[in-house]
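Work through the exercises below with the sequence and the model in view. Each task is followed by a solution in steps.

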Amino acid sequence: GMTGTGLYVSLAGFGVSAGVASGLLGVGGGTLMVPFLTLAAGLPQHAAEATSLLAMIPVVLLGVWRQQRYGNVRWRSSLLIGIPSIVAAVGGAAVAVSLPESVLKRLFAVLLLLTAAQIAWRARKTTP
């Protein structure tokens, strides 16, 4: 993979691109970020997935802050969904870490195929 300043510049540029694509297409940033991190940056699959998840924290915090200002956040519902989600994420991370990298790569590839199928299905239903 790349190293030095070029790596940081390309990561930042790709982060912006992934964010724009996520906003426009409704695709999770991780579906774009993880392949980029493994292919261009040369990170192992485990590190790429962890980095992608970590990059979501500021995005989520900013989104909550902005939407709270508009009065759109329902805190009770957020906790009822958020707490089980955190528990599931920790459990999923434990499973991911225990898997060999080759298995994790295959599972991620299946996730990408399912995501692509969902996007195609939605496009088919909304196209007149």
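**Exercise 1: Thr-38**

Thr-38 is in contact (heavy atoms within 4.5 Å) with Leu-43, Pro-44, Gln-45 and Ala-48, leaving aside neighbours within four places in sequence. This is a predicted model, in which local features need pLDDT of at least 70 and side-chain atom pairs count only at pLDDT 80 or more, while totals for chains, interfaces and linings use all residues. Residues are numbered from 1 along each chain as its sequence is written, and side-chain values use heavy atoms, with hydrogens and water left out.

Task: state where Thr-38 is found, whether Thr-38 is buried or exposed, and which backbone oxygen its side chain reaches.

Solution.
1. Thr-38 belongs to helix α2. Helices (H or I, at least four residues) and strands (E, at least two) are DSSP runs, numbered from the N terminus.
2. Buried means under 20% relative accessible area, exposed over 50%, and partly exposed in between, with a 1.4 Å probe and protein chains only. Thr-38 has a relative accessible area of 19%, so Thr-38 is buried.
3. The side chain of Thr-38 reaches the backbone oxygen of Pro-35 at 3.0 Å.

**Exercise 2: the chain as a whole**

Task: describe the elements of the chain and the confidence in them.

Solution.
1. There are 5 helices and 0 strands in the chain, in the order α-α-α-α-α from the N terminus on.
2. The C-alpha trace spans about 45 × 40 × 30 Å along its principal axes.
3. Of the 128 residues in the chain, 17% are buried.
4. Mean pLDDT (the predictor's confidence in each residue, from 0 to 100) is 87 for the chain, and 96% of residues reach 70 or more.
5. Confidence is lowest in α1, with a mean of 80, and highest in helix α4 (residues 75-98), with 92.

**Exercise 3: helix α1**

Task: compare the span of α1 with the expected value, then sort its residues into buried and exposed.

Solution.
1. The expected span of a helix is 1.5 Å times one less than its number of residues. For the 22 residues of α1 (residues 4-25) this gives 32 Å, and the end C-alpha atoms are 31 Å apart, which agrees.
2. Leu-7, Ala-18, Ala-21 and Ser-22 are the buried residues of α1. They lie on the same side of α1, because they cover an arc of only 95 degrees around the axis. The arc is that of the directions from the helix axis to the C-beta atoms.
3. The face turned away from the buried side carries the exposed residues Thr-5, Tyr-8, Val-9, Val-16, Gly-23 and Leu-24.
4. What covers the buried residues of α1 includes α2 (29-39).
5. Gly-26 follows α1 and has a positive phi, near 75 degrees.

**Exercise 4: the largest nonpolar core**

Task: list the residues of the largest nonpolar core and say which helix gives the most to it.

Solution.
1. A nonpolar core is a set of buried Ala, Val, Leu, Ile, Met, Phe, Trp, Tyr and Cys residues joined through side-chain atoms within 4.5 Å.
2. The largest one has 9 residues: Leu-7, Ala-18, Met-33, Val-34, Phe-36, Leu-37, Ala-41, Ala-48 and Phe-108.
3. At least two residues of this core come from each of α1 and α2, and α2 gives the most, with 4 residues.
4. Not counting residues up to four places away in sequence, Phe-108 touches Gly-30, Thr-31, Val-34, Pro-35, Gln-45 and Glu-49.

Terms used:
A polar contact is a pair of N or O atoms within 3.5 Å; within protein, one must be able to donate a hydrogen and the other to accept it, and residues adjacent in sequence count only if both atoms are side-chain atoms.
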